[in-house]
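Please walk me through this protein model, beginning with its overall architecture and then turning to its charged pairs and its surface patches.

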Amino acid sequence: MGADQRRRSEKFRKRIIFNPKQRQIGVDIGTLNQQVHENHLKRIKNAVYEKTLAEEARKNDALALSIEQQKKQSMRDQCKQIDEFRLSVQRPENSRDFDLFDPNLKKKERPPRISRYDICPVSGIQRLDGEDLDYDSRMKKQKQQVHDVLLQQILEQRMQRINLQKADHDWESSILEQDNYAWKLHLSEMDDRKKEKWKHEKAWQKQESNRQQKIKDEYENRKDIEFHYYGDMLTENPSVAKHPHQSNRILTDRWKGMTKEQLQDIYRGQVYQMENNLFRKEREQLKKKEWDEFILGQQKRFQLLDAAEKRTTQEFCKRLELQNQEIAQQQKQYRDYFNKVINSNIPSERYFTQFNTSAR
């Protein structure tokens with residue numbers, strides 16, 4: 001029994017040691033504590049995340065509820081407006097086909113002869129003296145008009161009552177403001193009347209002063225016309241513009257224009273200025289032409305430099321490409337040598353079965 005017990009325990013120990021899934025050699029306390037700490041942090045994060053989600057969901061629910069209430073209120077207002085419009089405008093008696101669905105159609109049918117203008121057969125009596133066949137239709141039309149007017153008045157009274165109910169809570173608070181406004185309006189009216197009276201007086205004074213000024217202006221204009229008519233102003237004699245005491249000065253209020261000699265001097269000065277302008281323009285065009293030629297030469301020079309730089313860059317790229325190809329060829333030869341010569345000995349299964357063959 002002792003040998004069998006030892007044999008069974010040794011077999012059980014080998015099965016535990018050589019089985020990596022069941023092998024346990026000591027306990028890693030640090031790893032276990034780290035795992036516990038990570039699980040605790042994970043639970044805290046999950047709790048915070050769930051709390052955030054719950055808060056966000058509560059806000060979204062409140063927002064959705066408010067939006068839904070607003071939609072319902074807007075739908076109620078719209079339905080209320082539609083009902084009011086139908087009650088006020090789209091009444092059954094205003095429809096085009098009301099005569100087809102009128103419940104009182106039979107009551108409104110006319111008898112064979114209801115008016116004096118209806119045509120009866122030849123054997124019938126056409127007209128009797130003193131009869132008034134249009135009395136019933138006329139009275140019905142009058143009653144219908146009275147009924148429509150009463151309905152309109154009832155509708156207006158209802159609308160007024162609704163408006164008054166809406167304005168009751170504002171009337172009590174605004175009555176004092178209305179009284180103050182009425183008192184201010186009264187004071188402003190009094191001021192306006194005083195101002196209006198003062199304006200009328202000022203307007204009359206201004207009108208009277210304008211009339212006096214107009215009479216004075218007409219008198220002055222007449223005197224001015226007579227002065228120019230009998231004076232030297234309208235004459236064509238250029239001598240009237242000469243100063244009586246200074247021969248080199250003229251009287252500007254009597255001057256009739258320049259003489260021919262003065263005009264010739266001005267013309268000669270203008271011709272001289274034109275020639276100077278032409279000479280200056282020619283010089284500017286010559287400078288502009290020289291500058292354009294200089295710019296073209298610089299541009300050609302820059303183009304030649306750019307072409308030379310491009311050729312140098314292309315040659316450098318070609319040399320670099322050749323070098324890269326040579327390096328790639330060398331690396332390929334090295335890989336082939338390493339794979340075909342150095343790594344040619346492949347291990348067999350016997351090499352892997354020589355490990356872990358004993359218990360100790």
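The paragraphs below go from the fold as a whole to individual side chains.

The structure shown is a predicted model, and its secondary structure is helical, with 6 helices and 0 strands in the protein. Read from the N terminus on, the elements accordingly follow the order α-α-α-α-α-α. Among these elements are helix α1, which covers residues 2–17, helix α4, which covers residues 135–230, and helix α5, which covers 260–340 and is followed by α6 at 349–352.

How much of the protein is buried? Of its 360 residues, buried ones make up 2%, where buried stands for a relative accessible area under 20%. The accessible surface of the protein amounts to about 35,200 Å², and carbon and sulfur atoms account for 55% of that area. As for contacts between residues at least 6 apart in sequence, 20% of them join residues that are at least 24 apart.

Side chains of opposite charge can pair when their charged atoms come close. In this model the count comes to 5 salt bridges, a salt bridge being counted when a side-chain nitrogen of Lys or Arg lies within 4 Å of a carboxyl oxygen of Asp or Glu. One of them joins Arg7 to Asp4, with 2.6 Å between the closest N and O atoms. Both residues belong to helix α1, and because they are 3 residues apart there, about one helical turn separates them. The two partners fall into separate accessibility classes, since Arg7 counts as exposed at 52% relative accessibility, whereas Asp4 counts as partly exposed at 32%.

A comparable spacing in sequence occurs in helix α5, where Arg268 and Asp265 are 3 residues apart and are therefore separated by about one helical turn. Their side chains meet in a salt bridge with an N to O distance of 2.0 Å, and Asp265 is partly exposed, with a relative accessible area of 43%. A further salt bridge brings together the side chains of Arg91 and Glu93, at 3.6 Å from N to O. Here Arg91 is partly exposed, with a relative accessible area of 27%, and Glu93 is likewise partly exposed, with a value of 41%.

Other residues on the surface gather into patches. Which residues form the patch of negative charge? Glu189, Asp191, Asp192 and Glu196 come together there. Glu189 lies in helix α4 and is partly exposed, its relative accessible area being 35%; this value satisfies the requirement of over 30% for patch residues, so Glu189 can be included on that count.

A nonpolar patch is formed on the surface by Tyr334, Tyr337, Phe338, Val341 and Ile342, which together have about 510 Å² of accessible area. Within this group, Val341 lies in the loop between α5 and α6. Val341 is partly exposed, with a relative accessible area of 45%, so that this residue too meets the accessibility requirement of over 30%.

Notes:
Residues numbered from 1 in each chain as written. Predicted model: local features only at pLDDT ≥ 70, side-chain atom pairs only at ≥ 80, totals over all residues. Heavy atoms only, no water. Patch = residues over 30% accessible without salt bridge, like charges linked within 9 Å, V, L, I, M, F, W, Y side chains within 5 Å. Areas by Shrake-Rupley, 256 points an atom, 1.4 Å probe, with all protein chains shown as cover. Lys, Arg positive; Asp, Glu negative; His and termini not counted. Charge placed at Lys NZ, Arg CZ, Asp CG, Glu CD. Helix = DSSP H or I, 4+ residues; strand = E, 2+ residues; numbered from the N terminus. Buried < 20%, exposed > 50% of the residue type's maximum accessible area, 1.4 Å probe, protein only. Contact = heavy atoms within 4.5 Å.
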